[in-house]
Amino acid sequence: MDKSRETAMEYVKKFQELIDNFDSVTCAACDCMGRINGMNSNIRPESRPVRMAGCALTAKTVGGDISAVIYAIENAQKGDIIVVDSHRYINSAYWGENLCLSAINKGVSAAVMDGACRDIEEIRKLGFPIYSIGTCCNVGQISGYGSIKGPITCGGVQVNTYDFILIDGNGIAVVPYENLETVYEKTKKMMDTETNVSDKLKAGETIGHLIDIEKLMKSTFNYQERALEE
């Protein structure tokens, strides 16, 4: 195991502990990254929703060719989440039952793609987590085009191999490998703080009162009025 993956797997355990103990960890992680790196709402669970953390292994397809996806599965290690840049193409599927079985045999945790998949009825019986932008009965060809482990875009977010994929009911967040420690520490701290805020709200407080929204709104309008006067 190379050092990058070894480090990544350490944080898989840490982030998984957060997901196991707190709700909406993806939201907190995105907040800690400047309110970015959350995949868009087109990426949806097709089989069953899950709550997990994993290390990304990227694949980039060319046209309707699924070769890169097959190649990614063969190069996957246990616990990987395969993330596919299939350029939002939905007229043929990049994943189906046979690839799902292959992925299970390799220990892959889940698959995320900005394209279509198929064999959903079989995949749901298998219980393998698939996130995509839809389904299609057609299957892509196998012609040897595409690449793996390079930078891709999926769900509007850049993803690199070894980046972190966080999944819960809110969607999918991507944590860049080089920011793992910082984002983890900030997210953990935020989750602890969020628990305190939640306790205050349950006791009768409001968000507006806690952040002094009246003062904020007045200062904003005062700024605008002063700017007009000048």
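Q: Before anything else, what do buried, exposed and partly exposed mean in terms of relative accessible area?
A: Buried stands for under 20% relative accessible area and exposed for over 50%, with partly exposed in between. The model itself is predicted.

Q: Okay, so how does Ser-102 count, and at what relative accessibility?
A: Ser-102 has a relative accessibility of 29%, and because that value falls between 20% and 50%, the residue counts as partly exposed. Ser-102 belongs to helix α4, which covers residues 97-106.

Q: How far is Ser-102 from Ile-73, along the chain and in space?
A: The two residues are 29 apart along the chain, while their C-alpha atoms are separated by 7.1 Å. Ile-73 is one of the buried residues of helix α3, residues 67-75, together with Ser-67, Ala-68, Val-69 and Ala-72.

Q: And what do the buried residues of α3 pack against?
A: They pack against α4, the helix at residues 97-106, and also against β2, β3 and β6, the last of these being residues 147-148.

Q: Switching to pockets, which residues line the largest pocket?
A: Ser-102 is one of them, and the rest of the lining is made up of Ile-66, Trp-95, Gly-96, Glu-97, Asn-98, Leu-99, Arg-118, Asp-119 and Val-139.

Q: How much space is in there, and what is the lining like by class?
A: The largest pocket holds about 150 Å³ of space, and its lining divides into four nonpolar, three polar and three charged residues.

Q: Let's zoom out: how many helices and strands are there in the protein chain?
A: The protein chain has eight helices and 10 strands. Its C-alpha trace spans about 65 × 40 × 35 Å along the principal axes, and 43% of its 230 residues count as buried.

Q: What share of the contacts joins residues at least 24 apart?
A: When contacts between residues at least 6 apart in sequence are taken, 75% of them join residues at least 24 apart.

Q: Now α1, how does its span compare with what its residues should give?
A: Helix α1 has 19 residues, 3-21, which at 1.5 Å a residue should span 27 Å, and the end C-alpha atoms are 28 Å apart, so the two values agree.

Q: Which residues of α1 are buried?
A: Arg-5, Ala-8, Tyr-11, Val-12, Phe-15, Gln-16, Leu-18 and Ile-19 are the buried ones in α1. They take up an arc of only 155 degrees around the axis, and therefore they sit on the same side of α1.

Q: What is exposed on the other side?
A: On the other side of α1 the exposed residues are Lys-3, Lys-13, Asp-20 and Asn-21. Lys-14, which also lies in α1, counts as partly exposed at 31% relative accessibility.

Q: What do the buried residues of α1 pack against?
A: Their partners are the helices α2 (25-32) and α6 (180-202), along with the strands β2 (52-60), β3 (80-85), β9 (164-168) and β10 (171-175).

Q: Since α6 came up, which of its residues are buried, and what covers them?
A: In α6 the buried residues are Leu-180, Val-183, Tyr-184, Thr-187 and Met-191, and what covers them includes α1, α2, β9 and β10.

Q: How does the span of α6 work out?
A: With 23 residues at 1.5 Å each, α6 should span 33 Å, and its end C-alpha atoms are 32 Å apart, which agrees. After α6 comes Gly-204, with a positive phi near 120 degrees.

Q: Where else is phi positive, in residues other than glycine?
A: Lys-149 has a phi near 65 degrees, and Tyr-162 has one near 85 degrees. Most residues other than glycine have a negative phi, which is why such values are worth a second look.

Q: Where do those two residues sit, and how do they count for exposure?
A: Lys-149 is in the loop between β6 and β7 and is partly exposed, with 47% relative accessible area. Tyr-162 is in the loop between β8 and β9, and at 22% relative accessibility Tyr-162 also counts as partly exposed.

Q: Pro-151 now, is it buried or exposed?
A: Pro-151 counts as exposed, because its relative accessibility is 55%, and its place is in the loop between β6 and β7, where β7 is residues 152-154.

Q: Which residues does Pro-151 contact, leaving aside neighbours within four places in sequence?
A: Its contacts are then Gln-158, Val-159 and Asn-160. Val-174, which is 23 residues away from Pro-151 in sequence, is 13 Å away in space, C-alpha to C-alpha.

Conventions. Residues are numbered from 1 along each chain as its sequence is written. This is a predicted model: local features need pLDDT of at least 70, side-chain atom pairs count only at pLDDT 80 or more; totals for chains, interfaces and linings use all residues. Side-chain values use heavy atoms; hydrogens and water are left out. On a 1 Å grid over the protein atoms alone, a cavity is a set of points where a 1.4 Å probe fits but cannot get out, and a pocket is an open set with protein on both sides within 12 Å along at least five of seven lines; lining residues have an atom within 4 Å of a point. Grid points are joined across faces, edges and corners, and a volume is the space filled by probe spheres set on the points. Ala, Val, Leu, Ile, Met, Phe, Trp, Tyr, Cys and Pro count as nonpolar, Asp, Glu, Lys and Arg as charged, and the others, Gly among them, as polar. Helices (H or I, at least four residues) and strands (E, at least two) are DSSP runs, numbered from the N terminus. The expected span of a helix is 1.5 Å times one less than its number of residues. Buried means under 20% relative accessible area, exposed over 50%, partly exposed in between (1.4 Å probe, protein chains only). The arc is that of the directions from the helix axis to the C-beta atoms. Contact means heavy atoms within 4.5 Å.
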